[in-house]
Amino acid sequence: DGAEGAIGVNYGMIANNLPTPDKVIAMYKANKISYVRLFHPDTTVLTALGGTGIGVVLGTFNEDLEHLASDESFAASWVASYVKPFAGTVTFRYITAGNEVIPGDLGTHVLPAIRNIETALKAAGVTGVPVTTAVATSVLGVSYPPSQATFSEASAPVMAPLVAYLSSKKAPLLVNVYPYFAYAAEPETVQLGYALLAGSSATSKIKVSSVTDGGLVYTNMFDAILDAAHAAVEKAGAQGLELVVSETGWPSGGGGTGATVENAAAYNNNVIRHAASGAGTPRRPGKAVETYLFAMFNENQKPEGTEQHFGLFQPDMSAVYPVDFAAGS
């Protein structure tokens with residue numbers, strides 16, 4: 001099981017100027033970052049991760065989902081290429097079949113791909129690595145108040161059997177949680193402090209109001225979004241399914257509403273503190289939330305604007321702003 005409130009960071013690579021993987025993994029170690037999430041297999045990165053003890057979430061390319069779902073031999077070769085050779089030295093936490101493909105044309109391939117990867121892992125003698133997927137909060141139809149949340153009509157036909165299956169396997173569902181986008185879309189209705197988890201910071205000067213939902217009180221949007229996902233999962237019949245926050249972050253630039261270095265530093269440090277506290281969410285009190293910040297670097301080949309400014313570090317390995325990972329260890 002995961003260390004209480006340990007923090008991971010997504011290692012995105014949509015850039016042409018990033019340090020070599022050995023240097024990047026050395027940065028993870030130097031900063032005491034417990035976990036890394038990879039969006040797709042990369043044998044150079046996996047080699048660099050060998051023997052480090054860093055927990056690894058390994059993703060498939062979305063474009064491989066259909067092939068993984070329809071062809072057991074392709075799933076077997078995928079495992080033989082990217083998991084089996086590294087299983088002795090790399091600490092695999094989860095394998096994710098696709099990222100943010102539900103709802104959508106690829107969504108129906110997720111569960112069959114999960115099953116085929118599981119079969120391939122078993123045949124290869126690799127045990128103890130749950131297979132799951134990562135979803136955006138766009139799987140939700142209603143998301144506010146959290147207790148009323150449900151999966152949307154478009155996503156429910158895929159999500160209902162998926163969460164039932166994951167629950168039966170005791171595998172978590174990975175959810176990408178971004179208060180930033182909710183704030184940027186409606187800055188006049190969403191309070192900045194509520195979006196920034198300002199209540200988690202002893203030093204914050206920002207006043208935070210709270211939202212009451214039934215008997216539960218929410219002092220930040222991170223918990224509200226996560227509990228909306230919990231409510232939707234429960235309504236789909238999967239009690240007790242664990243949720244892992246596979247992405248969360250805040251842009252430090254790019255011209256978006258609220259996209260400043262100060263806000264990004266506040267958000268990510270507050271998320272680390274909140275996760276480290278083990279307080280959980282109002283709907284799951286005391287259940288530490290495994291959380292992965294997005295992302296390690298500013299990535300210069302992502303779309304123009306805020307998307308290029310979610311990094312904690314610049315490609316030259318200097319910090320965009322100070323992040324206290326030690327608060328999470």
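Which residues form one aromatic cluster? In this predicted model, the cluster is made up of Phe39, Tyr178, Tyr180, Phe181, Tyr183, Trp250, Tyr267, Phe294 and Phe310. A pair of aromatic rings is described by the distance of the centres and the angle of the planes. A search of the whole structure finds 13 aromatic pairs. One of them joins Tyr180 and Phe181, with ring centres 5.4 Å apart and planes at 70°, an edge-to-face arrangement. Tyr180 has a relative accessible area of 3% and is therefore buried. Phe181 has a relative accessible area of 40%, so this residue counts as partly exposed. A further pair is formed by Phe294 and Phe310, where the centres are 5.9 Å apart and the planes stand at 65°, so this pair is also edge-to-face. Both Phe294 and Phe310 lie in the segment after β12 (291-293), and because they are 16 residues apart in sequence, their pairing ties together separate parts of the chain. Phe294 and Phe310 are both buried.

The strands were examined next. A barrel is closed by 8 strands, which follow one another in the order β1-β2-β3-β4-β5-β6-β9-β12 with parallel pairing. On average, and with direction ignored, neighbouring strands of this sheet are turned by 25° against each other. Within the barrel, β3 (residues 55-59) pairs with β4 (residues 91-99) in the parallel sense, and 5 bridges connect the two strands. In this pairing, Leu58 is placed opposite Ile95 of β4.

Helices lie against these strands. Helix α1 (residues 21-30) lies across β1 (7-11) and β2 (35-38), and its direction is at about 160° to that of β1. Helix α10 (residues 261-277) packs on the sheet as well, where it touches β1, β9 (243-248) and β12. The angle between the directions of α10 and β12 is about 165°.

Empty space was then considered. Rolling a probe the size of a water molecule over the atoms shows where empty space is left. The largest pocket holds about 1000 Å³ of space. Its lining consists of 41 residues, and those nearest its centre are Glu100, Ala136, Asn176, Tyr178 and Phe181. Two of these names, Tyr178 and Phe181, also appear in the aromatic cluster. At least two residues of the pocket lining come from each of the helices α7 (179-185) and α9 (221-235). Helix α9 gives the largest share of this lining, with 4 residues.

Helix α9 also contains Glu234. The relative accessible area of Glu234 is 16%, so this residue is buried. Apart from its neighbours within four places in sequence, Glu234 is in contact with Gln239, Arg283 and Arg284.

Besides the pocket, the model has 3 cavities of 30 Å³ or more. The largest cavity has a volume of about 60 Å³. Its lining residues are Phe222, Asp223, Val271, His274, Ala275, Gly278, Gly280, Thr281, Ala288, Val289 and Thr291. At least two residues of this lining are supplied by each of α9, α10 and β10 (280-281). The largest share, 3 residues, belongs to α10. Helix α9 thus contributes to the lining of the largest pocket and to that of the largest cavity, while α10 also packs on the sheet.

The backbone was examined last. Most residues other than glycine have a negative phi, and most peptide bonds are trans. Two cis peptide bonds are described here. The bond that joins Ile102 and Pro103 is cis, with omega of about -5°, and Pro103 lies in the loop between β4 and α5 (110-123). The bond from Tyr144 to Pro145 is likewise cis, with omega near -10°. Pro145 is placed in the loop between β5 (131-136) and α6 (156-168).

Positive phi values occur at Lys32 and at Leu197, neither of which is a glycine. For Lys32, phi is about 55°, and the residue lies in the loop between α1 and β2. Lys32 has a relative accessible area of 57% and is therefore exposed. For Leu197, phi is near 55°, and the residue is found in the loop between α8 (192-195) and β7 (211-213). With a relative accessible area of 0%, Leu197 is buried, whereas Lys32 is exposed.

Key:
Residues are numbered from 1 along each chain as its sequence is written. This is a predicted model: local features need pLDDT of at least 70, side-chain atom pairs count only at pLDDT 80 or more; totals for chains, interfaces and linings use all residues. Side-chain values use heavy atoms; hydrogens and water are left out. Rings of Phe, Tyr and Trp (its six-membered ring) pair if their centres lie within 6.5 Å; planes under 30 degrees apart count as stacked, over 60 as edge-to-face and the rest as tilted. Buried means under 20% relative accessible area, exposed over 50%, partly exposed in between (1.4 Å probe, protein chains only). Two strands pair if DSSP finds at least two bridges between them. Axes are lines fitted to C-alpha atoms, for helices over the stretch in contact, and angles run from 0 to 180 degrees between N-to-C directions. Contact means heavy atoms within 4.5 Å. On a 1 Å grid over the protein atoms alone, a cavity is a set of points where a 1.4 Å probe fits but cannot get out, and a pocket is an open set with protein on both sides within 12 Å along at least five of seven lines; lining residues have an atom within 4 Å of a point. Grid points are joined across faces, edges and corners, and a volume is the space filled by probe spheres set on the points.
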